[in-house]
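Work through the exercises below with the structure in view. Each task is followed by a solution in steps.

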Amino acid sequence: MTCQPIIWADRTLKIIDQTLLPTELVWVELPSVTTVWDAIKQLQVRGAPAIGICAAFGVLVGLVARKPENLAAAQESVSESARYLATSRPTAVNLFWALERMEGVAGALPATTTPQAFFERLEQEALTILAEDLETGLSIGRFGAHLVHEGAGVLTHCNAGSLATGGHGTALSVLYQAHAQGRRFRVYADETRPLLQGARLTAWELQRAGIDTTLICDNAAAQVMREGKIDLIIVGADRVAANGDTANKIGTYGVAVLAEAHGIPLYVAAPVSTLDPALADGDQIPIEERGGEEVTGGFGKVTAPAGIKVYNPAFDVTPASLIAGIITECGVVTPPYEGSLLQIFRNTRKT
């Protein structure tokens, strides 16, 4: 891994402040549930798996702050923290999945459980979520690495690397594993407007890993494809519907349309926890809309006239018909997705 963005030690939660990258690598402590909520909302921590992990530890932060004296108070603290943290961002399903796991453990403990034992069991669950993510990232990389052949050109959009997870990444894990296996290839990283996660985060990660990386403007993707520089595209995901429709960072849908026009396969790399079987298709995925200032005045520079109306969706949905395969920790799932994704989801819930 190029970095581990979330650390829990001595009942303290610390994260890399991703809003300061790539010029500053700064760790910040999150001492309250409110600061955890703010960190998720303000993108100090971002990426679907990382959001879920941070929220799980956020529940523990709430317990540390409240110091409940009995089981009922401890369970209420967990419920309150989970309800609050669930309002931070609407699209990444891993957030709700992790919080539901924490609430499920809290609600299942026997009435004789002491506050200390309660905290230790919840802490164990949060650490398990982190450990599972690390193993999941490695598995995704190993299953997908064969797709990156010697000399390949790979396009990626936004950031689905170490910073977006517990440490190994999803889409970038595939690249890290292919690199570790000795293959040489080149990566083209979309800058990813308006917050430049590709320029600030993906380029930073890949450069640290020693992978040949070229940064391009989002609107250069079609030209780079036309020039024959791209052999495959790998992106991450924030939510995958039961039919394979996938929500990812805004601009992914456009990249997928361009890929089809140029005959280039696009793969989604995502853990099974990103699958939302309750949603039949992508039309049901809630799309977060963020403040217009991210477009008109990002990074402190005003780039649009005062008072102009702005539409700033943070995600879009790529139809399953444009996705060549979904790389999970259980293997690469190929079309048709309906049925096969649900079966993988059920199998992972049984283990």
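Axes are lines fitted to C-alpha atoms, for helices over the stretch in contact, and angles run from 0 to 180 degrees between N-to-C directions. Helices (H or I, at least four residues) and strands (E, at least two) are DSSP runs, numbered from the N terminus. The model is predicted: local features need pLDDT of at least 70, side-chain atom pairs count only at pLDDT 80 or more, and totals for chains, interfaces and linings use all residues. Residues are numbered from 1 along each chain as its sequence is written, and side-chain values use heavy atoms, with hydrogens and water left out.

**Exercise 1.** Describe how α2 and α3 cross.

Step 1. Helix α3 covers residues 71-85, and its axis comes within 9 Å of that of α2, at a crossing angle of roughly 135 degrees.
Step 2. The two helices are therefore oblique to each other (angles under 35 degrees count as roughly parallel, over 145 as roughly antiparallel, 65 to 115 as roughly perpendicular and the rest as oblique).
Step 3. The crossing of α2 and α3 is right-handed (the near helix is turned clockwise from the far one by less than a right angle; anticlockwise would be left-handed).
Step 4. Among the residues in contact (heavy atoms within 4.5 Å) are Gly58 and Leu63 of α2 and Ser77 and Leu85 of α3.
Step 5. By class, this contact of α2 with α3 has 6 nonpolar, 4 polar and 3 charged residues (Ala, Val, Leu, Ile, Met, Phe, Trp, Tyr, Cys and Pro count as nonpolar, Asp, Glu, Lys and Arg as charged, and the others, Gly among them, as polar).

**Exercise 2.** Do the same for α2 and α5.

Step 1. The axes of α2 (residues 48-66) and α5 (residues 115-144) cross at roughly 165 degrees and come within 10 Å.
Step 2. That angle makes α2 roughly antiparallel to α5.
Step 3. Here the crossing of α2 and α5 is left-handed.
Step 4. Residues of α2 including Ile53, Phe57 and Leu60 meet residues of α5 including Phe119, Leu122 and Asp133.
Step 5. The contact of α2 with α5 has 14 nonpolar, no polar and 2 charged residues.

**Exercise 3.** Which strands pair with β9?

Step 1. Strand β8 (residues 239-241) pairs with β9 (residues 246-249) in the antiparallel sense over 2 bridges (pairing needs at least two DSSP bridges between two strands).
Step 2. Arginine 239 has alanine 247 in β9 as its bridge partner.
Step 3. The hairpin of β8 and β9 has 4 residues between the strands, and glycine 244 takes a positive phi near 100 degrees there.
Step 4. Strand β12 (residues 315-318) also pairs with β9, antiparallel over 4 bridges, with threonine 246 opposite threonine 318.
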